[in-house]
Amino acid sequence: MSAKQSSLSAQKGMQEVDLTKLNLMQLTQFKNGLDTDIQFYQESLQNLKHAQTKFQDSGESLSRMKKENEGKTILVPLTGSMYVPGTLEDPEKVIVDVGTGYYVEKDITAAQDYFGRKVKFVTENMERVQAIGSEKAKIRDMVMDVMQEKLQAQFANMAPPAAGAAAKKS
């Protein structure tokens, strides 16, 4: 892979672009688009990390559901920040929020399995998002390098007349 290419160029639906043939305005627009994409992937990664943590916490909280806690008073979450007192009636069964307002009663083993699958799924998605974000960052770096080369070339073209004019004045 050359310095001006990326592994994304080999994917279907992608168009390979020779960055050196773009002018500074086009490179700037391309870089700005990449910056937006990178920010989106970073936000997506943060959201996935938040979901992963919630699933892990839910799975770990199941370990406190023991037979000896039956009949004890516990705090039951109504929302993320509001809890009400309740009594633990059956520590072998839990209600699991499976999304979009649906709840399912599961035994502890099934609930742990569910949360384990969700953590694995979210982790795999995080790895994919992180890989795409890293690839976009590499492309952005390449665009920045080409922009810098073009700017240096422009300044180099402007510098000789100024140097020649200074020599004529002496």
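Which residue forms a salt bridge with aspartate 37? Hold that thought for a moment, everyone, and I'll come back to it. Good morning, and thanks for coming. One thing to keep in mind as we go: what you see on the screen is a predicted model.

Let's start with the overall layout. The chain has two helices and four strands. If you follow the sequence from its start, the order is α-β-β-β-β-α. There are 170 residues in the chain, and 21% of them are buried. The accessible surface is about 12,300 Å², and carbon and sulfur atoms account for 55% of that.

Now a word on contacts. Take the contacts in the chain with a separation of 6 or more: residues 24 or more positions apart make up 57% of these. The salt bridges will give us some examples of partners that are far apart in sequence, so let me go there, citing the helix pair as we reach it.

Back to my opening question. The partner of aspartate 37 is lysine 136, and their closest N and O atoms are 3.0 Å apart. Aspartate 37 sits in helix α1 and lysine 136 in helix α2, so this salt bridge ties together parts of the chain that are 99 residues apart in sequence. How covered are the two partners? Aspartate 37 has a relative accessibility of 28%, which makes it partly exposed. Lysine 136 comes in at 16%, and because buried means under 20%, lysine 136 counts as buried.

The same two helices show up again in another pair. Aspartate 35 and arginine 140 meet through their side chains in a salt bridge, at 2.3 Å from N to O. Here, too, distant parts of the chain are linked: aspartate 35 belongs to helix α1, arginine 140 belongs to helix α2, which covers residues 108–169, and the two are 105 residues apart. Both partners are partly exposed, aspartate 35 with a relative accessible area of 25% and arginine 140 with 22%.

For a contrast, look within helix α2. Aspartate 113 forms a salt bridge with arginine 117, with 2.4 Å between the closest N and O atoms. These two are four residues apart in the helix, so about one helical turn separates them. Aspartate 113 is partly exposed at 43% relative accessible area, and arginine 117 is partly exposed as well, at 47%. Coming back to aspartate 35 and arginine 140, they also belong to a network: Lys31, Asp35, Arg140 and Asp141 are joined by salt bridges that share partners. In total, the count is seven salt bridges.

Let me finish with the pockets. Rolling a probe the size of a water molecule over the atoms shows where empty space is left. The largest pocket holds about 1,300 Å³ of space. Its lining is made of 30 residues, and those nearest the centre are Ser58, Ser61, Val76, Pro77 and Ile95. Several elements give two or more residues to this lining: α1 (24–61), β1 (73–77), β2 (83–87), β3 (93–99) and β4 (102–107). Which element gives the largest share of the lining? That would be α1, with six residues. As for chemistry, the lining divides into 16 nonpolar, six polar and eight charged residues.

So, to leave you with one picture: helix α1 carries aspartate 37, the partner of lysine 136 in helix α2, and α1 also contributes to the lining of the largest pocket. Thanks for listening!

Terms used: Residues numbered from 1 in each chain as written. Predicted model: local features only at pLDDT ≥ 70, side-chain atom pairs only at ≥ 80, totals over all residues. Heavy atoms only, no water. Buried < 20%, exposed > 50% of the residue type's maximum accessible area, 1.4 Å probe, protein only. Contact = heavy atoms within 4.5 Å. Areas by Shrake-Rupley, 256 points an atom, 1.4 Å probe, with all protein chains shown as cover. 1 Å grid on protein atoms, 1.4 Å probe; cavity = no way out; pocket = protein on both sides within 12 Å on 5 of 7 lines; lining within 4 Å. Points joined across faces, edges and corners; volume = space filled by probe spheres on them. Nonpolar A, V, L, I, M, F, W, Y, C, P; charged D, E, K, R; others polar. Salt bridge = Lys/Arg side-chain N within 4 Å of Asp/Glu carboxyl O.
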